[in-house]
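Colleague: Please take one part of this predicted model and go through it closely. I would like the loop with the unusual backbone, and then whatever surrounds it.

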Amino acid sequence: MWLVNKNDGTQSKNTAETKSAQTNEREQSKATQQSDQHVNPKNQEKTINDLIASMSVEEKVGQLFLARVPMEEQQESIQNYHLGGYLLFGRDVEAVTSTELKEKIAAYQSVSTLPLFIASDEEGGTVSRLSGGNNLVPEAFKAPMEIYQEAGLPGIRSDIQKKSEVLRSYGVQGGLFPDADVATDPEAFIYDRTLGVDAEKTSEYIKASVEELKQQKIASTLKHFPGYGDNRDSHVEIVYDTRSLEALRQNDFLPIKAGIAAGADSIMVSHNIITSIDDRSPASISQPVHELLRNELGFQGVIMTDDMDMAGLADFISQEEAGLAALMAGNDLILSSSFQAQIPYVLQGIKQGTYSEPALNQSVYRVLKMKSDLGLLT
């Protein structure tokens, strides 16, 4: 089932008429489905496929973009580009009250034909947007490493329960965690965001985190496949990871596999160049990396890129081209600060046959299924 958002009365008459025209063809199917409170997998699949069949190419492409909230025309961008969701950054939360943030997110949802997936980086510790805001959380979210050292996995589960309650209160469905990286060198870039323990203990942490997030109806995002390890920071440079594929299989892949087995909703792919898999392209735009994740590890959920604006990718390919390259590699969701340039480029690629509509539909299906599983479309 899905919910087509209603206009809240604050939009212009023309906007309301446009939205009505966009949603009319979906209303009959929606009404048929609304009485079914418990959608089984077969009904869910049919419902999502029927919805995809009713969507324009532009609407479908927009669903594949988790966009950084632009500085201007925030609501207009949702409508004009049919965005799948918004990703909150520090600038979106640091100068607002809790009430204002709730109202802002509700306003985004009110102008979107399909419910938006709203996300915010909330690993805890050094990575928490809400913790840096104006009293938006009861207390700053702690780093998982600190919680684990203090209270083990029960502490991790308790923290996720509390964090999920906060996220839900704002209308946020994804915290872009847990970090499934295995790093044992305290000097490594990613170390403070991991548990700082071996692959076996990290796997237990990932399993517990995914299970708890599923209970809380908050999206789980395993990151950063194929594994950051003790490498440098791809936010500021192109990183070459020279470890063997077998070394990755025996170490970094284990927490990812544990998360997949527990039912992870999504997996984020890094911008590191993993030379043993593809020595030419960052993982985020590498087809061999994505084929490995799908075929060897068997993941069928949403694959998303890391922030496309990071230097590890931005210094490798133009932002205009990057979105299409990521989709062609096998991603389903693009974390984009440049969607205004990337979406037209993707549409051009579809028109020219560079990116096929069946591949587009498959990715849209995965994104909508994740939304459905989170209760956004019911």
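Modeller: Start with P178. It sits in the loop between α7 and α8. The peptide bond that joins F177 and P178 is cis. Its omega is about 15 degrees. Keep in mind that this is a predicted model.

L176 belongs to the loop between α7 and α8 as well. L176 is not a glycine, yet its phi is positive, near 50 degrees. Some background helps here. Most peptide bonds are trans, and most residues other than glycine have a negative phi. Is L176 buried or exposed? L176 is buried, with a relative accessible area of 1%. That value counts as buried because the cut-off is under 20%.

Now the cavity. The structure holds 1 cavity of 30 Å³ or more. About 90 Å³ of space lies in the largest cavity. Background again: a probe the size of a water molecule, rolled over the atoms, shows where empty space is left. Both partners of the cis bond, F177 and P178, are among the lining residues of the largest cavity. D179 lines it too. The rest of the lining is E123, P144, I156, D159, I160, K163, R193, Y205 and S209.

Which helices supply at least two residues each to that lining? They are α7, residues 144-170, and α8, residues 199-216. The biggest share comes from α7, with 5 residues. By type, the lining has 6 nonpolar residues, 5 charged and 1 polar.

Follow the chain past α8. The loop between α8 and β6 holds K217 and A219. K217 is not a glycine, but its phi is positive, about 60 degrees. K217 is partly exposed, at 45% relative accessibility. A219 is buried, at 0% relative accessibility.

A219 ties back to where we began. Leaving out residues up to four places away in sequence, A219 touches F177. Its other contacts are F117, Q173, G174, G175, L213, D265 and L374. L374 is 155 residues from A219 in sequence. In space, their C-alpha atoms are 6.9 Å apart.

Next comes β6. This strand covers residues 221-225, and H224 is in it. A cis peptide bond joins K223 and H224. Omega there is about 5 degrees.

The nonpolar packing takes us wider. The largest nonpolar core has 98 residues. Those with the most contacts inside it are F65, L130, F225, I256, L293 and L368. The element that gives the most to this core is α7, with 7 residues. So α7 leads twice, because by count it gives the most both to the cavity lining and to this core, with helices taken as DSSP runs.

Take I256 as an example from the core. Leaving out residues up to four places away in sequence, I256 touches A180, L222, F225, I267, L293 and L297. There is a second, separate core of 6 residues. Among its members are A188, I190, Y191 and Y228.

Now the approach to α7 from the other side. The loop between β5, residues 127-128, and α7 contains N135. N135 is exposed, with a relative accessible area of 69%. T97 is 38 residues from N135 along the chain. The C-alpha atoms of N135 and T97 are separated by 7.3 Å.

T99 is in helix α6, which spans residues 98-110. T99 is partly exposed, at 46% relative accessible area. Y170 is 71 residues from T99 in sequence. Their C-alpha atoms lie 8.6 Å apart.

Last, the setting as a whole. The secondary structure comes to 15 helices and 11 strands. The protein has 378 residues, and 56% of them count as buried. Take the contacts between residues at least 6 apart in sequence: 72% of these join residues at least 24 apart. The pair A219 and L374, in contact and 155 residues apart, is one such long link. The protein exposes about 15,600 Å². Carbon and sulfur atoms supply 46% of that area.

Key
Residues numbered from 1 in each chain as written. Predicted model: local features only at pLDDT ≥ 70, side-chain atom pairs only at ≥ 80, totals over all residues. Heavy atoms only, no water. 1 Å grid on protein atoms, 1.4 Å probe; cavity = no way out; pocket = protein on both sides within 12 Å on 5 of 7 lines; lining within 4 Å. Points joined across faces, edges and corners; volume = space filled by probe spheres on them. Helix = DSSP H or I, 4+ residues; strand = E, 2+ residues; numbered from the N terminus. Nonpolar A, V, L, I, M, F, W, Y, C, P; charged D, E, K, R; others polar. Core = buried A, V, L, I, M, F, W, Y, C linked by side-chain atoms within 4.5 Å. Buried < 20%, exposed > 50% of the residue type's maximum accessible area, 1.4 Å probe, protein only. Contact = heavy atoms within 4.5 Å. Areas by Shrake-Rupley, 256 points an atom, 1.4 Å probe, with all protein chains shown as cover.
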